[in-house]
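Trainee: Could you take me carefully through a single part of this model, looking at one chain as a body in its own right and then at how its copy is placed against it?

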4 protein chains.
Amino acid sequence: MSKIKLAMVGGGPTAFIGAVHRIAMRMDDRFELVAGALDVDATRGRAFAATLGIAPDRAYASYQELIDREALRPDRVDAVVIVTPNFLHYPVAKAALEAGFDVICEKPMTTTLEDAEALAKLVETTGRRFVLTHTYTGYPMVRQARQMVAAGELGKLRRVEVEYLQDWLASPVETTGAEGAVWRTDPRKAGAGGAIGDVGTHAWNLAAFVAGEEPTHLLAELSTLVEGRRVDDDAAILLRYASGAKGSILASQVLPGNGNNVSFRIYGDRAGLEWWQEKPEELWFTRLGEPRQMLRRNGAGATAAAIAGSRVPAAHPEGYLEAFANLYRDAADLIAGQAAAGVLPSARDGVSGSRFVEACLKSNAAGNLWTEIG
Amino acid sequence: MSKIKLAMVGGGPTAFIGAVHRIAMRMDDRFELVAGALDVDATRGRAFAATLGIAPDRAYASYQELIDREALRPDRVDAVVIVTPNFLHYPVAKAALEAGFDVICEKPMTTTLEDAEALAKLVETTGRRFVLTHTYTGYPMVRQARQMVAAGELGKLRRVEVEYLQDWLASPVETTGAEGAVWRTDPRKAGAGGAIGDVGTHAWNLAAFVAGEEPTHLLAELSTLVEGRRVDDDAAILLRYASGAKGSILASQVLPGNGNNVSFRIYGDRAGLEWWQEKPEELWFTRLGEPRQMLRRNGAGATAAAIAGSRVPAAHPEGYLEAFANLYRDAADLIAGQAAAGVLPSARDGVSGSRFVEACLKSNAAGNLWTEIG
Amino acid sequence: MSKIKLAMVGGGPTAFIGAVHRIAMRMDDRFELVAGALDVDATRGRAFAATLGIAPDRAYASYQELIDREALRPDRVDAVVIVTPNFLHYPVAKAALEAGFDVICEKPMTTTLEDAEALAKLVETTGRRFVLTHTYTGYPMVRQARQMVAAGELGKLRRVEVEYLQDWLASPVETTGAEGAVWRTDPRKAGAGGAIGDVGTHAWNLAAFVAGEEPTHLLAELSTLVEGRRVDDDAAILLRYASGAKGSILASQVLPGNGNNVSFRIYGDRAGLEWWQEKPEELWFTRLGEPRQMLRRNGAGATAAAIAGSRVPAAHPEGYLEAFANLYRDAADLIAGQAAAGVLPSARDGVSGSRFVEACLKSNAAGNLWTEIG
Amino acid sequence: MSKIKLAMVGGGPTAFIGAVHRIAMRMDDRFELVAGALDVDATRGRAFAATLGIAPDRAYASYQELIDREALRPDRVDAVVIVTPNFLHYPVAKAALEAGFDVICEKPMTTTLEDAEALAKLVETTGRRFVLTHTYTGYPMVRQARQMVAAGELGKLRRVEVEYLQDWLASPVETTGAEGAVWRTDPRKAGAGGAIGDVGTHAWNLAAFVAGEEPTHLLAELSTLVEGRRVDDDAAILLRYASGAKGSILASQVLPGNGNNVSFRIYGDRAGLEWWQEKPEELWFTRLGEPRQMLRRNGAGATAAAIAGSRVPAAHPEGYLEAFANLYRDAADLIAGQAAAGVLPSARDGVSGSRFVEACLKSNAAGNLWTEIG
């Protein structure tokens with residue numbers, strides 16, 4: 001099976017998420033990274049490309065150059081991976097799609113709803129594949145939860161509680177130039193939403209992924225708990241579903257003791273499911289009136305999605321990188337034309353995330369009123 | 001040391017909480033239960049009183065009789081314990097206070113704010129002692145958390161998250177006459193608030209107890225997730241503190257898999273504390289940038305309050321009954337005139353709880369708007 | 001129902017376990033403590049007795065005086081509770097039984113096997129009731145485990161793993177006169193076994209209680225890991241059952257980080273059960289090839305024994321004191337002639353414990369050879 | 001940086017561990033798999049090789065052919081990866097080393113001590129590099145534990161408890177032809193030790209790795225708990241260290257509810273460390289008299305080894321594949337001549353494992369007597 005050829009934009013030597021993408025794309029040996037515009041500093045980008053085995057003539061100085069030149073090569077890449085700061089997602093994705101490349105893009109898809117909708121439309125008109133890497137949907141137990149909900153195991157949905165809590169912005173680290181913190185707290189580079197954009201959109205996506213439906217209305221209170229910060233760093237959001245179910249999202253980056261505390265708890269009238277990303281191998285399932293069950297990845301009670309998403313047997317822990325690699329594996333099937341997008345996050349999810357951020361900002365600006373989403 | 005003599009109103013053979021009070025009052029041998037009007041069915045009440053060693057002439061047919069007769073005895077009881085359904089708390093407490101008895105009363109103190117304020121005033125004018133048994137404040141690790149917050153261990157407060165989740169009302173059990181469920185879902189007997197009154201007030205009290213301050217505003221969405229139920233059974237509430245801190249309360253009685261899932265998580269700019277009632281011996285403490293610590297009751301790092309509230313060494317688990325007994329032990333000191341009320345929940349807390357319920361109802365009725373509390 | 005009248009020997013103001021017994025006997029209101037010889041220092045003992053409401057004429061200077069005088073009273077006590085250091089258990093119990101009293105005795109029953117057998121014989125010949133307070137058998141989930149094993153839920157037994165780990169003797173605390181440590185590390189007062197007597201016998205008893213059978217042979221290695229200590233403080237023991245099952249006991253008092261870490265894990269060919277005393281409300285049950293289940297006290301899947309041993313609903317934690325009180329409640333039924341001894345630890349268990357200690361000492365002295373037990 | 005070229009022997013389409021090796025070698029992009037003799041069925045092996053991108057002329061029918069032909073190529077592989085059933089490890093490794101290849105070999109290194117010693121000698125005389133993939137030493141928190149012990153954080157060592165428990169052989173699955181079970185329970189293919197060879201050697205290696213010293217004596221009881229099985233499937237082993245420390249290993253493959261339950265608990269006179277493979281991101285550290293600390297990979301308190309062994313930040317879970325990939329990363333440095341073997345398991349560890357198995361068999365045959373190791 002020939003490998004899918006990728007170019008990467010962003011993901012230089014100091015970027016966390018670029019390295020994650022590279023490991024994920026290697027895990028199942030379906031991709032080759034053959035081109036890149038890895039760094040705003042072109043010299044540094046080229047030097048780094050060399051360490052990744054990228055040929056010098058495919059280590060480009062800018063994304064424009066990458067797209068222009070790759071478009072002309074007979075052995076042009078199949079897809080462009082975008083791991084830049086948020087504000088560049090849109091122009092890079094747009095250029096790539098227009099040049100006929102498939103795109104694998106870090107979230108959030110864009111920094112405005114307008115751009116998101118434009119991009120989604122472009123995906124449609126160009127017919128290119130577009131994958132948005134909402135990591136947490138790659139976890140096997142998250143996919144199992146989604147299947148169990150869809151199969152009616154929970155009964156009629158009552159409540160969806162999703163949290164994404166961190167503490168790495170608990171101090172004003174952006175004032176000391178800490179990597180990643182500077183652009184993430186700069187509204188021009190990260191978008192108008194701070195915590196709601198950076199982690200809230202993950203929570204939003206996770207809620208919809210597991211529940212199988214999106215809320216119709218939200219009520220958001222955005223806070224800036226670290227003095228002087230230019231974006232929100234904490235958000236409490238109430239959700240309403242058309243079905244009558246209720247929910248809430250808590251997204252915060254300033255709560256000491258929370259590393260990457262992503263979780264969902266979802267309850268119906270017959271059963272409940274609970275999952276914590278820091279212990280991703282366990283999915284707690286309790287039918288009303290029965291003992292709590294600890295379901296384990298690829299173990300007793302595993303659904304097809306969890307089995308398909310596993311590389312090793314139960315009790316041999318998989319984690320974040322394997323979840324990420326599941327997105328890449330599905331992306332490989334999609335780009336190779338071997339499978340439909342399935343549960344892979346798409347441009348539609350990117351639009352949904354932007355609508356969520358817009359609705360949060362609108363609700364908050366109105367004094368925390370219920371706001372229709374999109 | 002002579003024992004404090006108690007009368008009990010309510011707490012018949014089928015009542016859960018009456019038995020809990022009796023165990024709690026015995027645990028440290030500071031009380032004698034010598035009188036009672038234990039059941040609406042006077043015959044059944046008398047028979048039950050006999051099994052508790054209450055003399056026949058002090059097994060009364062009604063609370064009025066109890067108070068009238070005890071008031072005339074030279075060996076009259078020192079205090080009246082009220083463990084009836086909610087709607088009787090007020091008239092019993094009022095009569096007891098007016099007759100000169102101290103009162104130990106189950107929460108909620110009353111079913112309306114008006115009654116709560118009247119009762120608090122009566123406590124003041126009569127000078128009698130009044131203890132409201134908000135159980136969870138009796139847990140040693142809850143008291144330790146309060147002390148650590150008060151000592152500034154968390155720094156400036158950022159967020160207070162309290163949950164009280166159950167599943168025993170997940171089905172319409174009141175329609176099958178299930179014990180406790182009938183009156184708790186009858187607004188005339190339980191008060192206008194369902195889940196917010198029954199478990200929400202505990203969460204509210206716990207939040208204030210640990211944080212050391214009450215929010216000034218709340219925004220509440222009350223839901224009835226079981227069809228046909230006459231009161232709310234699920235509530236999501238946002239909180240604002242004068243200090244700028246944020247918070248939320250989730251109170252629900254209809255989420256499968258939640259037994260008596262009471263918890264708080266409280267974060268400042270320097271550290272965070274987390275506690276789950278179902279594992280009450282552990283208090284998780286994390287200073288920003290340091291490893292998570294699992295503090296254990298009466299173990300390394302215990303504060304004075306946690307040590308005072310312990311009967312056995314660390315790692316010999318104490319639980320709910322010991323927490324309850326801590327309230328009784330403090331009540332004994334108070335009634336015997338040996339100590340001030342200290343952290344014991346009082347009529348003031350009862351008023352606060354009523355204000356919370358009223359504010360929730362008001363916010364909800366207004367379409368979930370921010371509402372000033374009290 | 002008239003209360004059972006108790007006398008206590010030992011359990012003075014500084015003794016941990018005496019206070020535990022008093023709380024446990026009060027919990028269900030079945031006993032009255034009316035007499036005592038509470039302290040080797042008679043004056044201190046009398047003063048302390050007064051605080052417990054014991055009449056001055058029943059606060060005795062010695063156990064001999066207590067037994068002699070009580071035996072003559074028309075309102076003599078029904079039973080004697082023995083909570084002295086180990087070496088006094090035998091003479092006090094012997095005297096009490098011979099004078100016609102029932103006995104509730106702390107473990108270990110005696111300090112030698114010879115005494116244990118003599119006492120068991122005396123129990124038989126006198127026909128008095130004798131209860132040995134092996135605390136851990138009072139936990140509802142331990143009783144549930146026993147029932148599940150007996151019901152064949154595990155299938156054919158394979159392995160029984162029991163641990164009792166502490167760290168309070170991790171330093172040579174007996175050299176600084178620390179309370180409880182001095183006599184526990186003195187072979188004349190505690191018996192020849194150190195850790196095997198103090199905590200090993202609990203583990204032994206727990207193993208037999210849950211498995212429903214005793215091993216026939218053991219192989220023990222006793223160690224003294226704190227230099228200069230006069231008894232073993234760490235023991236690793238292998239077990240063999242007649243049925244072919246295997247097992248092991250690890251008992252140590254010198255391993256930092258272990259508070260009162262008692263646990264069992266028991267496995268058959270069909271399922272396994274696991275329990276940790278520090279989280280006593282949870283019993284983990286896994287059938288081969290099925291998801292792990294977390295059974296909770298008095299919750300879904302509870303057996304009759306667990307329900308009977310519960311005072312409050314599931315998820316309202318009970319603990320060590322309630323477990324202890326379950327022994328007292330059963331003792332009340334036994335002494336009042338209302339029930340047979342049932343699962344209550346008896347003199348037979350005391351003899352078994354002594355045989356265990358003797359076999360450990362013998363195996364160890366022989367260079368850790370397999371040794372027949374009793 | 002040019003990649004290291006690998007050949008794989010074994011690891012066909014149905015083999016679990018071969019796939020694990022391939023993922024691990026890809027994770028950091030340091031290797032290329034360019035040759036293989038992947039299956040005893042040569043046709044199947046060649047077909048599978050094609051799916052892995054191995055050129056047809058390097059898909060060999062047997063290991064002999066692989067070694068003979070690769071040895072003659074100018075672009076010969078640098079190292080041979082051996083993932084066959086146990087009995088082939090020795091001949092393949094021998095042939096590879098003699099032909100001048102470096103070797104990466106699954107454990108156990110050989111099926112007899114004699115072979116192990118011969119191989120270790122061959123490693124020495126040929127000067128080739130030899131890596132034994134004892135997976136669990138690749139976990140960052142295991143490496144951190146080793147560093148903390150070496151740094152004296154625990155003080156003088158007291159006790160080392162290691163367990164490796166599974167349940168996949170709890171039924172006689174070899175009689176139904178279950179994959180992996182047939183050869184693992186055949187003494188001619190797996191070696192004389194069953195559970196002690198398959199999982200016991202991992203436990204032994206882990207004990208030595210963390211403690212930094214090997215025991216001098218052991219006492220082993222080997223059991224066959226599933227009737228009719230031809231090898232031991234359960235082993236309880238006591239350990240003695242020259243320093244006076246004690247230890248034990250429990251290795252079993254027949255205990256329901258245990259998936260891949262590898263753990264160590266190691267205690268000194270100053271502190272203790274505890275780790276469970278199923279939650280590999282957490283290392284519990286408790287200094288005597290201080291609160292328990294939960295150390296997290298790459299988080300607060302991380303040592304250099306844990307940081308070096310991490311690919312993503314704390315709280316983004318890594319697992320089994322990343323641990324395995326750490327061995328490969330270190331192997332890459334070693335084979336490329338960029339670093340010494342460091343903590344990588346070597347032929348010396350293979351010999352040690354064989355000595356352990358031999359000592360277990362000898363002790364067991366002698367009736368469970370203390371036996372000198374090696």
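Mentor: What follows goes from the overall build of one chain to its relation with the copy. The model is a predicted one, and within it chain A has 12 helices and 14 strands. Along the principal axes, the C-alpha atoms of chain A fill a box of roughly 65 × 50 × 40 Å. The radius of gyration of chain A is 20 Å, which agrees with the value near 21 Å that a compact globule of 374 residues would have. Turning to the interior, 64% of the 374 residues in chain A are buried, and, of the contacts in chain A between residues at least 6 apart in sequence, 67% join residues at least 24 apart. As for the surface, chain A exposes about 12300 Å², with carbon and sulfur atoms supplying 51% of that area. Chain A carries 40 positive and 46 negative charges, and the mean positions of these two sets lie 3 Å apart.

The placement of the copy can be described just as plainly, since two copies of a chain are related by a rotation about an axis and a shift along it. Here a turn of 180 degrees, with a shift of 0.0 Å along the axis, lays chain B on chain A with an RMSD of 0.0 Å, and that is the relation of a two-fold axis. In chain B, the C-alpha nearest this axis belongs to B:Leu369, at 3.6 Å from it. Finally, the copies meet through the same surface, because 100% of the interface residues of chain B are also interface residues in chain A.

Methods. Residues are numbered from 1 along each chain as its sequence is written. Chains are lettered from A and ligands numbered from 1 in the order in which they are written. This is a predicted model: local features need pLDDT of at least 70, side-chain atom pairs count only at pLDDT 80 or more; totals for chains, interfaces and linings use all residues. Side-chain values use heavy atoms; hydrogens and water are left out. Helices (H or I, at least four residues) and strands (E, at least two) are DSSP runs, numbered from the N terminus. The radius of gyration is taken over C-alpha atoms; the globule rule is 2.2 Å times the number of residues to the power 0.38. Buried means under 20% relative accessible area, exposed over 50%, partly exposed in between (1.4 Å probe, protein chains only). Contact means heavy atoms within 4.5 Å. Accessible areas come from the Shrake-Rupley method with a 1.4 Å probe; for residues, only the protein chains shown count as cover. Lys and Arg count as positive and Asp and Glu as negative; His and the chain ends are not counted. The place of a charge is taken as NZ of Lys, CZ of Arg, CG of Asp or CD of Glu. Copies are superposed by least squares on the C-alpha atoms of residues with pLDDT of at least 70 in both.
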